[in-house]
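Hi,

Here is the structure I promised to pass on. Have a look at it first, and my notes follow below.

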Amino acid sequence: MTASSSLQAVEALCQRHHAVVLSLTPQRLHIAMATPPSADMMAALRFTAQGAIEIEYWPPARLEQYRQDRPAASEPAAAHSETTIQRIDNLLALAIQQRASDIHIEPQADALRIRFRVDGVLQNVPTSPADNAAALLARLKIVANLDIAERRIPQDGQFTLALLGKPASFRLSTLPTRCGEKAVIRLLQTDTQSVSLENLGMSPAALRCFREALARPQGLILVTGPTGSGKTFTLYSGLSSLNTPGRNLCSVEDPVEIPLPGVNQTQVHPKTGLDFNRVLRALLRQDPDVIMIGEIRDAETAEIAIKAAQTGHLVLSTLHTNSTAETLTRLRQIGIPGYQLASALKLVIAQRLVRRLCPHCREPAEALAHFPQVLWPGTVQNWRAVGCERCYSGFYGRLALFELLPVNARLQNAIATDSAQEALLKITRQQNINSLFVEGLHSVNKGETTLAELNRIVGNDDD
């Protein structure tokens, strides 16, 4: 984001809160106002300015006099107002700088709302009166090769732009709403350096279990969780560890989120008939050693994946379920016979992403001791998210929680004989596997996140 656009965003925010900007540099924002700022204003200022914030408190009369004495201050901004192209480029660049995963551009009845999803939570981005939703949408459609005249139906596309000195890739989705077209832009990761098993954040025992499953010559590995829980990144990390010249690695994805050199990645195009099942059937004729399927969405995709895992291929895929045990039931519900699933499935990984506490401003909270002994003996040290100039609302980044269920001989026999869900749950509990909630309690106790954040993402399992 340019200095002028950053100044405009900060000035627009201060104007709404009856403050004035005295100076702004990349390291420091200096403002004046009559009353102490609200927590929301401070959070928005930290998010926009990205530097130290210094506040002076002036009488209202002095603030008004200051505004009257600098009428020319608004003229340069008007003379150098951003074009729509610049506005989009600056918005995308700011999203990259703020570590956003998604950008929401939402027309309202009397204004335009822009929000970034940072660490899984949506945050408002300051807008200016010059922002025009139709113009911004038109520019996005042009770069994504969509029909700019079509506003009645949803559209999807992808594009790559050079921002901040390197190429950045995005996925665009539009949707007609009551007040006009809404756009959501997903930022796609292009850096392959971080895609490694060591960067997943698994415990040594969990990482060893994952490596053992990846070392098998054939079988099915499933990663489960809701949308936005990091499943695809885990798949890419596993695929990257297998990426050697002696193996033929193929993937079918929607879309290709991270380009991996050495992997034959195919993106589906349902409108042209190139769907998951068609690509999968073709991949099986491509002499693959390892196949990654972006998502198992229906019975046909599941059947192809399991047959591939039974015939000498290692298959990695994702499924939308809440836990490892629920995955076994879900596959049965979509029509996969137990005897087929038992012979193919080797490992199930359930995961979630929780916000990581900022180490610079976190504060200890009350120690908690209300958990059952079987769940957590003793007390858990809880923490508070405070917020400082280095972070947004007390959190910076996210960490992953994992629950791994290896399919041993006893569980395999229970799946093959179509045992009831209660029997499967009993067997999984006897493997002494930490649930996602217990893994989260370990992170809370170490000061990596808070109990409130764990309950928000995983739920409360302490009963």
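Which strands does helix 8 lie across? Helix 8 (residues 231-241) lies across strand 10 (219-224), strand 11 (249-253), strand 12, strand 13 (290-293), strand 14 (314-319), strand 15 and strand 18, with contact meaning heavy atoms within 4.5 Å. Its direction is at about 170 degrees to strand 14 (axes are lines fitted to C-alpha atoms, for helices over the stretch in contact, and angles run from 0 to 180 degrees between N-to-C directions).

Please keep in mind that this is a predicted model: local features need pLDDT of at least 70, side-chain atom pairs count only at pLDDT 80 or more, and totals for chains, interfaces and linings use all residues. Residues are numbered from 1 along each chain as its sequence is written, and side-chain values use heavy atoms, leaving out hydrogens and water.

Those strands belong to an open sheet of seven with mixed pairing, in the order 12-11-13-14-10-15-18. Helices (H or I, at least four residues) and strands (E, at least two) are DSSP runs, numbered from the N terminus, and two strands pair if DSSP finds at least two bridges between them. Strand 15 (residues 345-357) and strand 18 run antiparallel, joined by ten bridges; glutamine 351 has phenylalanine 402 in strand 18 as its bridge partner.

Two charges sit over rings (NZ of Lys or CZ of Arg within 6 Å of the ring centre and within 35 degrees of the ring normal). Arginine 99 lies over the face of tyrosine 396, 3.9 Å from the ring centre, and arginine 355 has its charged end over the ring of phenylalanine 395, 4.1 Å from the centre.

Best wishes
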